[in-house]
Amino acid sequence: MKFFRHTGIILLLFGQTIQAQTEKQNKFMQHLEKIFTETDTTYIAPNKYNLTFMVEQSFWHERYRLGTRINEERQNISFAPTPTPKIGAYFGWRWIFLGMSFSIPDLIGKSQSGKSKKEYVFNLYSSRVGADFYYRKTGSDFHINSYSGFNLPEDYVGQKFEGFQSKIVGLNAYWIFNNKKFSYPAAYSQSTNQRRSCGSFMAGFSYSHHSISFNHTKLPAEMIEQIQSSLKFNSLKYRDYNLSFGYGYNWVFAKNCLLNVSLMPAIAYKKAKMNGKPTDMENDWFEWINDINFDLVTRTGITWNNSKYYIGASLVLNTYDYRKSDFSMTNSFGSLRIYAGFNFWKRKEYRQEK
């Protein structure tokens with residue numbers, strides 16, 4: 001009998017310990033959720049739904065500018081792909097968005113590019129922090145956008161160029177300082193409603209890996225004869241680490257209508273390999289200073305959202321600048337998105353509302 005009594009006491013104590021740990025975990029999760037979602041309801045209406053679904057059409061713009069300076073003479077050439085519309089679908093749970101988009105010509109089998117364009121996006125938005133993970137792959141439908149430093153008998157702007165491709169994998173994370181009154185999700189994930197105009201300072205961190213392939217022998221013959229040796233590379237791969245600080249403002253110009261503008265300049269550290277070899281071959285430890293450049297992310301968005309249904313548009317521009325003594329590359333890409341969607345599966349605490 002003593003054995004069973006002692007066993008029962010042990011089980012009771014064990015159960016109480018498990019219950020206490022569960023309660024602590026629940027309190028911790030509630031406290032964590034409060035930290036990341038707490039808002040001033042006079043400025044921000046909370047998200048009343050668990051799930052959302054959205055469809056969008058997007059238009060992409062890209063531009064890569066290669067440059068070099070030899071004996072005080074500068075030579076530049078830039079490439080841009082043929083703009084193609086894309087269609088995508090996104091599914092979200094509270095803070096998390098998952099989505100895919102594809103080129104419309106690829107889907108209907110009328111693409112003119114040698115390789116299809118692809119984009120995969122993972123977004124997490126809360127009132128205090130946000131993160132974007134993305135993968136972007138271009139096709140091979142570039143054309144010559146502009147050039148300088150060449151003495152050519154004819155104009156080659158607009159000519160098709162199939163010797164350029166790029167791939168980018170990246171992560172952006174940012175922190176909202178005035179999160180109780182300013183809602184980034186209201187403008188870009190439609191999960192909350194901004195009731196009153198307000199702004200906030202923001203800080204962020206970004207990492208991206210860029211893979212560029214370039215075949216200069218596919219340029220016009222006159223260009224091949226004059227192109228500088230530092231631009232005759234086959235591949236450029238670099239990793240970009242940057243710290244950003246900026247400001248965003250939400251303007252509520254009518255009921256359920258919002259316009260956002262934000263600017264995030266960044267100081268970036270880049271390490272590169274050209275043709276598989278590090279670009280820094282010197283042992284001078286001050287050489288790392290030459291790997292510091294500047295990047296820029298700008299966003300603007302306009303949306304109508306009555307908490308159940310929403311429509312809107314957003315424009316996001318990313319600019320990456322890579323420079324060495326005899327070589328530079330500025331690559332920028334932007335997207336214009338036009339979207340519509342709806343929220344569903346009301347959260348338990350709002351189900352009694354009409």
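# Exercises on a predicted protein chain

Ser-206 is buried, at a relative accessible area of 6%; buried denotes under 20%, exposed over 50% and partly exposed the range in between, with a 1.4 Å probe and protein chains only. The model is predicted: local features need pLDDT of at least 70, side-chain atom pairs count only at pLDDT 80 or more, and totals for chains, interfaces and linings use all residues. Residues are numbered from 1 along each chain as its sequence is written, and side-chain values use heavy atoms, with hydrogens and water left out.

**Exercise 1.** Describe the surroundings of Ser-206.

*Solution.*
1. Locate the residue: Ser-206 is placed in strand E12, residues 198-214. Strands (E, at least two residues) and helices (H or I, at least four) are DSSP runs numbered from the N terminus.
2. List its contacts (heavy atoms within 4.5 Å): beyond neighbours within four places in sequence, Ser-206 touches Leu-171, Asn-172, Asp-240, Tyr-241 and Asn-242.
3. Examine the polar atoms: the side chains of Ser-206 and Asn-172 share a polar contact of 2.7 Å. That term requires a pair of N or O atoms within 3.5 Å; within protein, one must be able to donate a hydrogen and the other to accept it, and residues adjacent in sequence count only if both atoms are side-chain atoms. A polar atom of the Ser-206 side chain is also 3.4 Å from the backbone oxygen of Leu-171.

**Exercise 2.** Trace the salt bridges of Asp-240 and Glu-56.

*Solution.*
1. Apply the criterion: a side-chain nitrogen of Lys or Arg lies within 4 Å of a carboxyl oxygen of Asp or Glu. The count is seven.
2. Take Asp-240, whose partner is Lys-270, with the closest N and O atoms 3.1 Å apart. Because Lys-270 lies in strand E14 (residues 257-274) and Asp-240 in strand E13 (residues 235-254), the pair ties together parts 30 residues apart in sequence. Both Lys-270 and Asp-240 are buried.
3. Extend the set: Asp-240, Lys-270 and Asp-295 are linked in a network of salt bridges.
4. Turn to Glu-56, which pairs with Arg-337 at 3.0 Å between the closest N and O atoms. Glu-56 in strand E2 and Arg-337 in strand E18 (residues 328-346) are 281 residues apart. Glu-56 and Arg-337 are each buried.

**Exercise 3.** Which residues touch the most other members of the largest nonpolar core?

*Solution.*
1. Define the set: buried Ala, Val, Leu, Ile, Met, Phe, Trp, Tyr and Cys residues joined through side-chain atoms within 4.5 Å.
2. Among the 30 residues of this core, they are Leu-66, Phe-79, Leu-219, Leu-236 and Phe-327.
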